[in-house]
Amino acid sequence: MTTAHWSTHDTPAGPFTAIVAADGTVLASGWTPDAEELAPIVSPTLRPGELREKRDLGAVTTAVHRYYAGEFDAVDAIAVRQRSGEFLSHAWDVLRTVPAGKTVTYTELAALAGRPDAVRAAASACARNACALFVPCHRVLRADGAMGGFRWGVDVKRRLLAHEHRIA
């Protein structure tokens, strides 16, 4: 049985929890105080058998605090592990290249991922992203500039974008 650790920290956008594998790789993260809410979004093949709370997750905790202090690239170096089909996995990698202070549309994400006609699949990559903040799906907007959806709420998405635009 594999064991992963989790920790919750207060942020300006609300409590942020991360689940981290033994090697320090993020398996899931989001704006919730409840690790049990995050556990089901971890890919079944990666899902740990046991979750243990740990106050400090080392580099992950440091990166989250640095991000909120305005060092947006601090989260870029954190390894994430998600599993899905080829396109979703590639789209998650592409999302990690969208810099703070910038946004792309779902259409642009599809094109950047090499499949310009796969707009729905690009939206699905955002919806199925288990590693929020580290894979910045909050930087993707609808073609008309509207927020679109966000697993953690449109208010959190709006706050993240405002934070990045204010400092970037």
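Analyst: Two strands pair if DSSP finds at least two bridges between them. Strands are DSSP runs of E (at least two residues), helices are runs of H or I (at least four), and both are numbered from the N terminus. This is a predicted model: local features need pLDDT of at least 70, side-chain atom pairs count only at pLDDT 80 or more, and totals for chains, interfaces and linings use all residues. Residues are numbered from 1 along each chain as its sequence is written, and side-chain values use heavy atoms, with hydrogens and water left out.

User: OK, how do you know that strand 2 and strand 3 pair?

Analyst: Count the bridges. Strand 2 (residues 16-20) and strand 3 (residues 26-30) have four, so they meet the pairing rule, and the sense is antiparallel. Ile19, for instance, stands opposite Ala28 in strand 3. Their hairpin has five residues between the strands, and Gly24 in it takes a positive phi near 90°.

User: And what makes strand 1 and strand 2 a pair?

Analyst: Strand 1 (residues 3-9) shares five bridges with strand 2, again antiparallel, so the rule is met here too. His5 has Val20 in strand 2 as its bridge partner. Helix 2 packs on the sheet, touching strand 1, strand 2 and strand 3.

User: Why do strand 3 and strand 4 stand at the edges?

Analyst: The open sheet has four strands in the order 3-2-1-4, with mixed pairing. Strand 3 and strand 4 have a single partner strand each, so one side of each has no neighbour in the sheet.

User: What makes strand 3 mostly covered?

Analyst: Five of its five residues are buried, which puts them under 20% relative accessible area (exposed is over 50%, partly exposed in between, with a 1.4 Å probe and protein chains only).

User: Then why is Gly58 called partly exposed?

Analyst: Gly58 has a relative accessible area of 33%, so it falls between the two cut-offs. You'll find Gly58 in the loop between strand 4 (50-53) and helix 2 (59-68).

User: Why is helix 3 called roughly perpendicular to helix 5?

Analyst: Helix 3 (residues 86-95) and helix 5 (residues 119-127) pack at about 70°, with their axes 9 Å apart. Roughly perpendicular covers 65 to 115 degrees (under 35 is roughly parallel, over 145 roughly antiparallel, the rest oblique), so helix 3 earns that label against helix 5.

User: Which residues of helix 3 and helix 5 meet?

Analyst: Among them, Phe87 and Trp92 in helix 3, and Ser124 and Cys126 in helix 5; contact means heavy atoms within 4.5 Å.

Terms used: Axes are lines fitted to C-alpha atoms, for helices over the stretch in contact, and angles run from 0 to 180 degrees between N-to-C directions.
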